[in-house]
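Please read the following explanation alongside the sequence and the three-dimensional structure. It proceeds in short steps for a reader who has not met this structure before.

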Amino acid sequence: MPQDRIEQAREEALALYQKGVRAQTLGDYPIAEECYRRCHLMMKAIGNRNGEAAALHYMGTLLKARGDNEEARTSYEESFILFQQDEDFQNCVFSLFFQSMLSLKSNEYDRGIDLIAQALDLAFQLGVSYVQEGWSRIRQMAGVLFARRELGKLQLLGERLAQLGKELEEQGG
């Protein structure tokens, strides 16, 4: 495919993506879903892995909002793999955060805690602003666990954070 056609397809896919975000914000989920699906297919066709991952990630947010948690998980996991392949570690962190909160919503506390610990570990590699975002997400998770009276899981979260802290100390960071 000629470069000018690839760029044109990328621009069209971005316009679909933006239209999908607007539609989702306004609660028009069928339009949002169609836009994200078309954007994903176009990005895949032109080999834009990061655009493909972003479309899948936003599809995950839409599916989660609709209550389709299993499909949302699949979208988040697929987007994470693509972000990872593209070495977009910033979006990997956010994908892990979203996956962890979805796990929490699905009462998969251990998985959610593992995912948020992974995200925080990666955040430490990326810098202070990502660590701050990570702590915000951990506070959110801790608040939900406390409100649900999942005190054993809250303790598990604390233990995982202590373990991560020891690992960071050993690494000199």
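The paragraphs below treat two helix pairs, then several individual residues, and finally the salt bridges. The structure is a predicted model.

The first pair to consider consists of helix α3, which spans residues 49-66, and helix α4, which spans residues 69-85. Their axes lie 8 Å apart, and the packing angle is about 160 degrees. Because angles over 145 degrees count as roughly antiparallel, α3 is described as roughly antiparallel to α4. The crossing of α3 past α4 is left-handed. On the α3 side, the residues that meet α4 include Arg49, Leu56, His57, Met59, Gly60 and Leu63. On the α4 side, the residues that meet α3 include Asn69, Ala72, Ser75, Tyr76, Leu82 and Phe83. Sorted by class, the contact of α3 with α4 comprises 9 nonpolar, 8 polar and 5 charged residues.

One residue of this contact may be followed individually. Ser75 belongs to helix α4. Is Ser75 buried or exposed? Its relative accessibility is 6%, and because buried means under 20%, Ser75 counts as buried. When residues up to four places away in sequence are not counted, Ser75 touches Leu56, Met59, Gly60 and Leu63. Each of these four partners is listed among the α3 residues that meet α4.

The second pair is formed by helix α6, residues 109-126, and helix α8, residues 151-170. The axes of α6 and α8 come within 10 Å and cross at roughly 25 degrees. Since angles under 35 degrees count as roughly parallel, α6 is roughly parallel to α8. The crossing of α6 and α8 is right-handed. Among the α6 residues that meet α8 are Tyr109, Asp110, Ile113, Ile116, Leu120 and Phe124. Among the α8 residues that meet α6 are Lys153, Leu156, Leu157, Arg160, Leu161 and Leu164. By class, the contact of α6 with α8 contains 11 nonpolar residues, no polar residues and 5 charged residues.

Within this second contact, Leu156 offers a point of detail. Leu156 is located in helix α8. With neighbours within four places in sequence left aside, which residues are in contact with Leu156? They are Asp110 and Ile113, and both appear among the α6 residues that meet α8. Leu156 has a relative accessible area of 26%, and it is therefore classed as partly exposed. Leu156 and Ser129 are separated by 27 residues in sequence, and their C-alpha atoms are 25 Å apart in space.

A further residue, Ser100, lies in helix α5. The relative accessible area of Ser100 is 0%, so this residue is buried. Neighbours within four places in sequence aside, Ser100 is in contact with Gly112, Leu115, Ile116 and Met141. Of these contacts, Ile116 is also one of the α6 residues that meet α8.

Attention now turns to charged side chains. How many salt bridges does a search of the whole structure find? It finds 13.

One of these salt bridges joins Arg49 to Asp86, with the closest N and O atoms 3.8 Å apart. Arg49 is in helix α3, whereas Asp86 is in the loop between α4 and α5, so the pair, 37 residues apart, links distant parts of the chain. Arg49 counts as partly exposed at 33% relative accessibility, and Asp86 is partly exposed with a relative accessible area of 31%. Arg49 is also one of the α3 residues that meet α4.

Another salt bridge lies inside a helix. Arg137 and Glu133 are both part of helix α7, residues 128-147, where they stand 4 residues apart, about one turn of the helix. The closest N and O atoms of Arg137 and Glu133 are 2.7 Å apart. Arg137 counts as buried at 16% relative accessibility, while Glu133 is partly exposed with a relative accessible area of 25%.

Two further cases complete the account. The side chains of Arg5 and Glu12 form a salt bridge with an N to O distance of 3.9 Å. Arg5 counts as partly exposed at 35% relative accessibility, and Glu12 counts as partly exposed at 35% relative accessibility. Finally, Glu33, Arg37, Arg66 and Asp68 are connected in a network of salt bridges.

Terms used: Residues are numbered from 1 along each chain as its sequence is written. This is a predicted model: local features need pLDDT of at least 70, side-chain atom pairs count only at pLDDT 80 or more; totals for chains, interfaces and linings use all residues. Side-chain values use heavy atoms; hydrogens and water are left out. Axes are lines fitted to C-alpha atoms, for helices over the stretch in contact, and angles run from 0 to 180 degrees between N-to-C directions. Angles under 35 degrees count as roughly parallel, over 145 as roughly antiparallel, 65 to 115 as roughly perpendicular and the rest as oblique. A crossing is left-handed if the near helix is turned anticlockwise from the far one by less than a right angle, and right-handed if clockwise. Contact means heavy atoms within 4.5 Å. Ala, Val, Leu, Ile, Met, Phe, Trp, Tyr, Cys and Pro count as nonpolar, Asp, Glu, Lys and Arg as charged, and the others, Gly among them, as polar. Buried means under 20% relative accessible area, exposed over 50%, partly exposed in between (1.4 Å probe, protein chains only). A salt bridge is a side-chain nitrogen of Lys or Arg within 4 Å of a carboxyl oxygen of Asp or Glu.
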